[in-house]
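Biologist: Please give me a close look at a single part of this model, taken slowly and with the cut-offs spelled out. I would like to know what surrounds that part and how it sits against the rest.

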Amino acid sequence: MDQRLTLITLGVRDLSRARAFYEQGLGWKPGHEAEGVAFYQLGPFALSLYGLDDLAQDACIGTPGSGFGGIALAINMHTRADVDRTLAEAVAAGAKLLKPAQDTFWGGYAGYFADPDGYPWEVAWNPGFPLDAEGRLIHV
C-alpha cells in the first residue's frame with residue numbers, strides 16, 4: 001500500500017460556521033467548490049470540511065456519539081483499480097472493511113476501511129483532484 005495521506009476530512013456540526021472560521025478568521029482560501037463540502041489546499045494534501053452526520057453515513061460508521069470521532073483520513077489514487085487494490089491490501093493486513101468501493105455521487109469511486117483502532121480511511125479515485133507522479137494532490 002502507498003505510504004501517503006492526501007486528505008483529512010473533519011466532520012463539522014455547522015459547515016457555514018466552520019467555513020467562516022477558516023476563511024474569514026484564519027484567512028484560508030477555499031479550493032474546489034462543491035455543495036455541502038469545503039476544500040483547502042495544504043501543501044501536497046488537503047483539508048475538507050463536511051457535515052458530521054454526512055461523514056458518518058458516508059463511511060458507514062454510524063451516528064455520531066457511537067464512538068466516531070468525526071475525522072476521516074483519505075488516500076486518493078490514480079485509478080479505480082488502485083482503489084480496489086489498496087482496500088484489499090488493507091483488509092489483508094487486518095483492517096476492517098467499512099464500505100466496499102463503489103461509484104460516488106460526486107463522480108468518483110471510493111470505499112472505506114478502519115485500522116485496528118477504528119480510525120476510518122477513505123480510499124478514493126477522484127477525477128477532479130489531479131495527483132502528481134508520487135500521488136500528492138496538485139490542487140483542489
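Modeller: Happily; one helix and the loop after it come first, and some other sites follow.

This is a predicted model, so to speak of local features I need pLDDT of at least 70, and side-chain atom pairs count only at pLDDT 80 or more, while totals for chains, interfaces and linings use all residues. Residues are numbered from 1 along each chain as its sequence is written, and side-chain values use heavy atoms, with hydrogens and water left out.

Let us start with α1, residues 15–25. Helices here are DSSP runs of H or I with at least four residues, strands are E runs of at least two, and both are numbered from the N terminus. At the start of α1, D14 places a side-chain oxygen within 3.1 Å of the backbone nitrogen of S16. That can be read against the rule for a polar contact: a pair of N or O atoms within 3.5 Å where, within protein, one must be able to donate a hydrogen and the other to accept it, and where residues adjacent in sequence count only if both atoms are side-chain atoms.

Which residues of α1 are buried? They are A18, Y22 and E23. Because they fall within an arc of 110 degrees when seen down the axis of α1, these buried residues line one face of the helix. The arc is taken from the directions that run from the helix axis to the C-beta atoms. Buried means under 20% relative accessible area, exposed means over 50%, and partly exposed is in between (1.4 Å probe, protein chains only). On the face of α1 turned away from the buried side are the exposed residues S16, R17, Q24 and G25. The buried residues of α1 pack against three strands, namely β1 (7–12), β3 (37–42) and β4 (45–51); contact means heavy atoms within 4.5 Å.

Next comes the stretch after the helix. G27 follows α1 and has a positive phi, near 80 degrees. L26 lies in the loop between α1 and β2, and W28 is in the loop between α1 and β2 (33–34) as well. With a relative accessible area of 31%, W28 is partly exposed. L26 counts as partly exposed because its relative accessibility is 41%. Together with F21, L26 and W28 form a nonpolar patch on the surface, which has about 280 Å² of accessible area. Patches are made of residues with over 30% relative accessible area and no salt bridge, joining like charges within 9 Å and nonpolar side chains (Val, Leu, Ile, Met, Phe, Trp, Tyr) within 5 Å. The areas come from the Shrake-Rupley method with a 1.4 Å probe, and for residues only the protein chains shown count as cover.

W28 has partners on the helix too: leaving out residues up to four places away in sequence, W28 touches Y22, E23, Y40, L42 and L47. Y22 and E23 are among the buried residues of α1. W28 and Y40 are twelve residues apart in sequence, yet 7.3 Å apart in space, C-alpha to C-alpha.

Now for the sites elsewhere. T6, in the segment before β1, counts as buried because its relative accessibility is 1%. Apart from neighbours within four places in sequence, T6 is in contact with F45, A46, A74, I75, N76, G135 and L137.

There are eight salt bridges, each a side-chain nitrogen of Lys or Arg within 4 Å of a carboxyl oxygen of Asp or Glu. One of them joins the side chains of K99 and D58 (3.0 Å, N to O). That pair links distant parts of the chain, with K99 in strand β6 (residues 96–103) and D58 in helix α2 (residues 52–58), 41 residues apart. Both K99 and D58 are buried. Another salt bridge pairs E134 with R136, whose closest N and O atoms are 3.1 Å apart. E134 is exposed at a relative accessible area of 52%, and R136 is partly exposed at 40%. D82, R85 and E89 are linked in a network of salt bridges.

One backbone detail closes the tour: C60 is not a glycine, but has a positive phi of about 55 degrees. C60 is in the loop between α2 and β5 (71–76), and counts as partly exposed at 42% relative accessibility.
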